[in-house]
Amino acid sequence: MRILSIDPGNVESAFCLIDSEDYIPLEFGKTANENLRVGMYNVQYDKAIIEMVASYGMAVGATVFETCVAIGQFKEIAMRKNIPVEFIYRKDEKMNLCHSMKAKDSNIRQALIDRFGPVGTKKNPRLVLWLQKRHLGSLCCWYYIS
C-alpha cells in the first residue's frame, strides 16, 4: 500500500509517499502547497494521512486559518480520487512515538531512528536519511497509522 502523509503548512507542506510493505520512502520533501496539490492528482497512492490543526485555547493568527484551508484542499483532492483520508493530531503522534506529550522534535527524531535504524547516507540510503525538522511530521503521520 502506498501512503501519502502530509504535514501541512500555510504556504509549504512536507510530504512523504511511502510503501507500507517495505517502509521505503518513494518520494518526500517540502514543497509549495500548489505543487503538492498538483502532485496529489498525478501520483498514485492508496491512502492520505494529514496532520490536523488542534486548538489548545490560545489565540491564533491568519497562518493557522490558511493552513486549515490547505488541509481542506488536500482532503478534497484525495476524496475526488476516491482515496480514504485520515487526520491525526500532533499530540497523538507524540504519545504514540514517545509516550509523552512533552516530547520535542529531537525526541521524536530519536524515536524514529530507534524504530527504523541508523540514519542513512547517500551511498547507503535508509528510511531516516531525510529526517529534517520539517519532514518529521509527515513521517510521524505515516508511522502513527501503520
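**Helices, strands and a pocket in a predicted model**

Val 38 is a residue of helix H1, which covers residues 33-42. The model in which it sits is a predicted one. Val 38 has a relative accessibility of 46% and therefore counts as partly exposed, since that class lies between the 20% limit for buried residues and the 50% limit for exposed ones. Its C-alpha atom is 10.0 Å from that of Phe 74, a residue 36 positions away along the chain.

The rest of H1 can be read around this starting point. Asn 33, Leu 36 and Met 40 are the buried residues named for this helix. Looking down the axis of H1, the buried residues fall within an arc of 55°, so they line one face of the helix. Glu 34 and Asn 42, on the other side of H1, are exposed. Which elements help to cover the buried residues of H1? Among them are strand E1 (2-7), strand E2 (12-19), strand E3 (24-32) and helix H2.

With H1 in place, the wider layout of the protein can be introduced. The protein holds five helices and five strands. Followed from the N terminus, the elements come in the order β-β-β-α-β-α-β-α-α-α. The chain has 146 residues, and 41% of these count as buried. For contacts with a separation of 6 or more, 59% are between residues 24 or more positions apart. The exposed area of the protein is about 8,100 Å², of which 52% is supplied by carbon and sulfur atoms.

Strand E1 offers a view of such contacts from a single residue. Arg 2 belongs to this strand and is partly exposed, because its relative accessible area is 28%. Its C-alpha atom and that of Leu 17 are separated by 6.6 Å, with the two positions 15 residues apart along the chain. Leu 17 is also in contact with Arg 2, once neighbours within four places in sequence are left aside. The other contacts of Arg 2 on that basis are Ile 18, Leu 26, Val 43, Gln 44, Tyr 45, Asp 46 and Lys 47.

Attention now turns to helix H2 and the pocket. The largest pocket has a volume of about 320 Å³. Its lining is made up of 14 residues, and those nearest its centre are Glu 51, Met 52, Val 53, Ala 54 and Val 64. By type, the lining consists of nine nonpolar, two polar and three charged residues. Strand E4 (47-52) and helix H2 (62-80) each contribute at least two residues to this lining. Which element gives the most to the lining? That element is H2, with three residues.

Helix H2 also contains Thr 67. Is Thr 67 buried or exposed? Thr 67 counts as buried because its relative accessibility is 11%. When residues up to four places away in sequence are not counted, Thr 67 touches Pro 8, Gly 9, Asn 10 and Val 53. Val 53 is also one of the residues nearest the centre of the largest pocket.

Beyond H2, the backbone becomes the point of interest. Most residues other than glycine have a negative phi. Asn 82, however, has a positive phi near 60°. Asn 82 is located in the loop that runs between H2 and strand E5 (85-89). Its relative accessibility is 71%, so Asn 82 counts as exposed.

Helix H3, made of residues 90-98, has Glu 93, Lys 94, Leu 97 and Cys 98 as buried residues. Viewed down the axis of H3, the buried residues lie within an arc of 100°, which means that they line one face of the helix. Just after H3 comes His 99, with a positive phi of about 60°. His 99 is part of the loop between H3 and helix H4 (105-116). At 63% relative accessibility, His 99 counts as exposed, because the limit for that class is over 50%.

Key: Residues numbered from 1 in each chain as written. Predicted model: local features only at pLDDT ≥ 70, side-chain atom pairs only at ≥ 80, totals over all residues. Heavy atoms only, no water. Helix = DSSP H or I, 4+ residues; strand = E, 2+ residues; numbered from the N terminus. Buried < 20%, exposed > 50% of the residue type's maximum accessible area, 1.4 Å probe, protein only. Contact = heavy atoms within 4.5 Å. Areas by Shrake-Rupley, 256 points an atom, 1.4 Å probe, with all protein chains shown as cover. 1 Å grid on protein atoms, 1.4 Å probe; cavity = no way out; pocket = protein on both sides within 12 Å on 5 of 7 lines; lining within 4 Å. Points joined across faces, edges and corners; volume = space filled by probe spheres on them. Nonpolar A, V, L, I, M, F, W, Y, C, P; charged D, E, K, R; others polar. Arc of directions from axis to C-beta.
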